[in-house]
Amino acid sequence: MKDFLKPFRDPGRMEELRKRLLSFRFGQEMKIMEVCGTHTMQIHRFAIHQMLPQGVKLISGPGCPVCVTPNEYIDFALELAKGGLTVATFGDMLRVPGSYSSLERARAEGADIRVVYSPMDAYEIALKQKGPVVFLAIGFETTAPSVAATLLRARREGRKNFFVLPGGKLVPPALRALSSDPQLKINGFLLPGHVSVILGRRDYLFLEKMGKPGVISGFEPVDILQSIILLLEMVRDGRAEVVNNYPRAVKEEGNKRAKEFMWEVFYAGDSSWRGLGLIGNSGLFLREGFSPYDAFRAFPVNPPPPRKNPACRCGDVLKGLIDPPECPLFRRVCTPENPLGPCMVSSEGSCSAWYKFG
Ligand code: SF4
């Protein structure tokens, strides 16, 4: 373990926090939703579920970008790849099943699909070839600034063979939608650390007006336990505040420069999320000045009508309506080796976290 992590994984401190947690008593079930795939993984890795007081439940929300990307997007990307374009994507997207196939299968069938670690890697591919390269720009506020920076470079350099397929999503509109869904009855949010580095605390203040407490949390067990305690204190006292419990990384106003990049290139429009449906102003689309780089416009292919795998309950998992083991396919048929839905594919997906750590 790296030295700087030691205080955040200190067993004595964790035990102290666990005891504090167990002192809470609620007469009814309290649901805390985490909306970050890394939190989901850490909560399972450190068995934080098992440290909660009776009646308090942690549920996973739409915190994994691959998981919330709908089939239509993957189907469109597949058509581009099958049409002979080079498609560059983050590795997690490869195995996500679309309506009829996956990028991995298309690659096995000869499509030119490359795995990259950043949009700039995809741009480097475009620099080395004449044919078009399409980058699958999925992700939350954490990824969008680097996509924007890459597009600004492409425009500056007059690059004509680099495109993006805009699929980015914004976390606050999803939180708003989840907060106002009466079916879900969420008592508070564990707010994502990485996204909050970009957004800052201020961008979540609408939660206070909606009566939902939120705590921005780091990723180490001590961070998460402290954040849950802060949330439960607010729930117990009937307060709904947004607290920054990750001040070593998150500022009040976030990363202004990154946000400027992002909004120079993108605008917010209505976007479809797997499981959550269409959410107003929750998607990132390219501004008019960047339309020549928009693969949706440049390559108007016609994928077959999307269809869902009716057996996969990934949508319900993403809404926190069920835990993955409640899906009849979990572990029996759907495994990381044979994933039937994105929640099992992505390393940040809830099904994958439950499978690995229980
Ligand atoms: S276990 Fe597999 S099939 Fe079931 S919800 Fe998760 S990803 Fe879908």
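# A tour from helix α2 to the ligand

Helix α2 passes helix α16 in a right-handed crossing. The structure on the screen is a predicted model, and this crossing is the starting point of the tour.

**Stop 1: the pair of helices.** Select residues 37–45 for α2 and residues 350–357 for α16. Their axes come within 9 Å and cross at roughly 15°. The two helices are therefore roughly parallel, since an angle under 35 degrees is counted in that class.

Next, show the side chains where the helices touch. Which residues of α2 take part in the contact with α16? They are Thr40, Met41, His44 and Arg45. On the side of α16, they meet Ser350, Ala353, Trp354, Lys356 and Phe357. Coloured by class, the residues of this contact comprise four nonpolar, three polar and two charged. In general, an α-helix has 3.6 residues a turn, so residues three or four places apart point the same way.

**Stop 2: the surroundings of α2.** Keep α2 selected and display what lies around it. Is α2 mostly covered or mostly open? It is mostly covered, as seven of its nine residues are buried. These are Gly37, His39, Thr40, Met41, Gln42, Ile43 and His44. To see what covers them, select the strands β1 (30–34), β2 (56–60), β7 (188–191) and β8 (214–217), which are among the covering elements. The helices α11 (221–237) and α16 also belong to this cover.

**Stop 3: Ala47.** Move along the chain past the end of α2 to Ala47, which is found in the loop between α2 and β2. Most residues other than glycine have a negative phi. Ala47, however, has a positive phi of about 55° although it is not a glycine. Is Ala47 buried or exposed? Ala47 is exposed, because just 11 other C-beta atoms lie within 10 Å, and 12 or fewer place a residue in that class.

**Stop 4: Asn281.** Now select Asn281, which lies in strand β11 (residues 277–286). Asn281 is not a glycine, yet its phi is positive, at about 50°. With 13 C-beta neighbours inside 10 Å, Asn281 counts as partly exposed.

**Stop 5: the ligand.** Finally, select the ligand and the 14 residues that surround it. Which of these residues are the closest? They are Cys312, Cys327, Cys334, Gly341 and Cys351. By class, the shell has 12 nonpolar residues, one polar and one charged. Highlight α14 (314–318) and α15 (342–345) as well, for each supplies at least two residues of the shell.

Conventions
Residues numbered from 1 in each chain as written. Predicted model: local features only at pLDDT ≥ 70, side-chain atom pairs only at ≥ 80, totals over all residues. Axes fitted to C-alpha atoms, helices over the stretch in contact; angles between N-to-C directions. Helix = DSSP H or I, 4+ residues; strand = E, 2+ residues; numbered from the N terminus. Parallel < 35°, antiparallel > 145°, perpendicular 65-115°, else oblique. Left-handed = near helix turned anticlockwise from the far one by under 90°. Contact = placed C-beta atoms within 7 Å. Nonpolar A, V, L, I, M, F, W, Y, C, P; charged D, E, K, R; others polar. Near = placed C-beta within 6 Å. Buried ≥ 20, exposed ≤ 12 C-beta atoms within 10 Å, placed from the backbone.
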